[in-house]
Amino acid sequence: MENRAAISLVEKYVEAYNAFDIEGMLLLMQEKIVFRNISNGVVNAETEGKDAFRELAGQSQKLFSLRCQTITDYTVKGDRVEVEIDYEGTLAADLPHGPKAGEKIALKGKSVFTIEDGKLLVIEDYS
């Protein structure tokens, strides 16, 4: 996949994510999509397949009243796109042992997208 097309695919995914558009995200994915969230080197969430991704996305969607990922840098390597992300969100629910509803969180992270046949095959979020 050419660099511009790969970047455009990732941008569309982030736009759908920011809009809480789960079905829009799923349209950009392979049926066998793999998602991993990795925090401090530990995988704390992992799904395989669109149905599992839809379920996890629905659960996480309920936690935020507002969320925004902003891509600050891209690196394209073959079928992989790595992006640096600034993330801001306003919680809609209390987190166990953490921030409370209405509080804002902000963090920086990285996401790595693997693309196959013009669709997302693997998404790994690192924080």
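Is Thr114 buried or exposed? Thr114 is buried, with a relative accessible area of 14%; buried means under 20% relative accessible area, exposed over 50%, and partly exposed in between, using a 1.4 Å probe and protein chains only.

Before the tour continues, two remarks on the model are in order. The model is predicted, and local features need pLDDT of at least 70, side-chain atom pairs count only at pLDDT 80 or more, and totals for chains, interfaces and linings use all residues. Residues are numbered from 1 along each chain as its sequence is written, and side-chain values use heavy atoms, with hydrogens and water left out.

**First stop: Thr114 and strand β5**

Select Thr114, which belongs to strand β5 (residues 104-116). Helices (H or I, at least four residues) and strands (E, at least two) are DSSP runs, numbered from the N terminus. Leaving out residues up to four places away in sequence, Thr114 touches Asp79, Arg80, Lys119, Leu120, Leu121 and Val122; contact means heavy atoms within 4.5 Å. Then add Tyr126, twelve residues from Thr114 along the chain: the two C-alpha atoms are separated by 14 Å.

**Second stop: Leu121 and strand β6**

From Thr114, move to its contact Leu121, a residue of strand β6. Leu121 counts as buried at 16% relative accessibility. With neighbours within four places in sequence set aside, the contacts of Leu121 are Gln30, Lys32, Ile33, Val34, Thr114, Ile115 and Glu116. Next select Glu31, which is 90 residues from Leu121 along the chain; their C-alpha atoms are separated by 8.2 Å.

**Third stop: Asp125**

Stay in strand β6 (residues 119-126) and select Asp125. Which side chain of opposite charge is nearest to Asp125? It is Arg67, 9.2 Å away, and Asp125 is buried yet has no salt bridge. Lys and Arg count as positive and Asp and Glu as negative, while His and the chain ends are not counted. A salt bridge is a side-chain nitrogen of Lys or Arg within 4 Å of a carboxyl oxygen of Asp or Glu.

Now display Ser111, whose side chain makes a polar contact with the side chain of Asp125 at 2.6 Å. A polar contact is a pair of N or O atoms within 3.5 Å; within protein, one must be able to donate a hydrogen and the other to accept it, and residues adjacent in sequence count only if both atoms are side-chain atoms. Apart from neighbours within four places in sequence, Asp125 is in contact with Phe35, Arg36, Asn37, Ile38, Lys110 and Ser111.

**Fourth stop: helix α3**

Select residues 50-61, the twelve residues of helix α3. From its first C-alpha to its last, α3 reaches 16 Å, close to the 16 Å expected at 1.5 Å a residue; the expected span is 1.5 Å times one less than the number of residues. Colour its buried residues, Lys50, Phe53, Ala57 and Gly58. Seen down the axis of α3, these residues fall within an arc of 135 degrees, so they line one face of the helix. The arc is that of the directions from the helix axis to the C-beta atoms. This buried set packs against α1 (3-18), α2 (22-26), β1 (29-39) and β2 (42-48). On the face turned away from the buried side, look for the exposed residues Asp51 and Glu55.

**Fifth stop: salt bridges**

Begin with Lys50, which forms a salt bridge with Glu31, the closest N and O atoms being 3.9 Å apart. Lys50 lies in helix α3 and Glu31 in strand β1, so the pair ties together parts that are 19 residues apart in sequence. Lys50 is buried, with a relative accessible area of 14%, whereas Glu31 is exposed at 58%.

Within α3, show Asp51 and Arg54, whose side chains meet in a salt bridge (3.0 Å, N to O). Being three residues apart in helix α3, the two are separated by about one helical turn. Asp51 is exposed, with a relative accessible area of 59%, and Arg54 is partly exposed at 32%. Elsewhere, Lys77, Arg80, Glu82 and Lys110 are joined into one network by salt bridges that share partners.

How many salt bridges does a search of the whole structure find? The search finds eleven.

**Last stop: helix α1**

Finally, select α1, which has 16 residues and reaches 23 Å from its first C-alpha to its last, close to the 22 Å expected at 1.5 Å a residue. Its buried residues are Ala6, Ile7, Leu9, Val10, Tyr13, Val14, Ala16 and Tyr17. Show Glu11 and Arg4 as well: they form a salt bridge with the closest N and O atoms 3.1 Å apart. The tour ends at Phe20, just after α1, which takes a positive phi of about 60 degrees.
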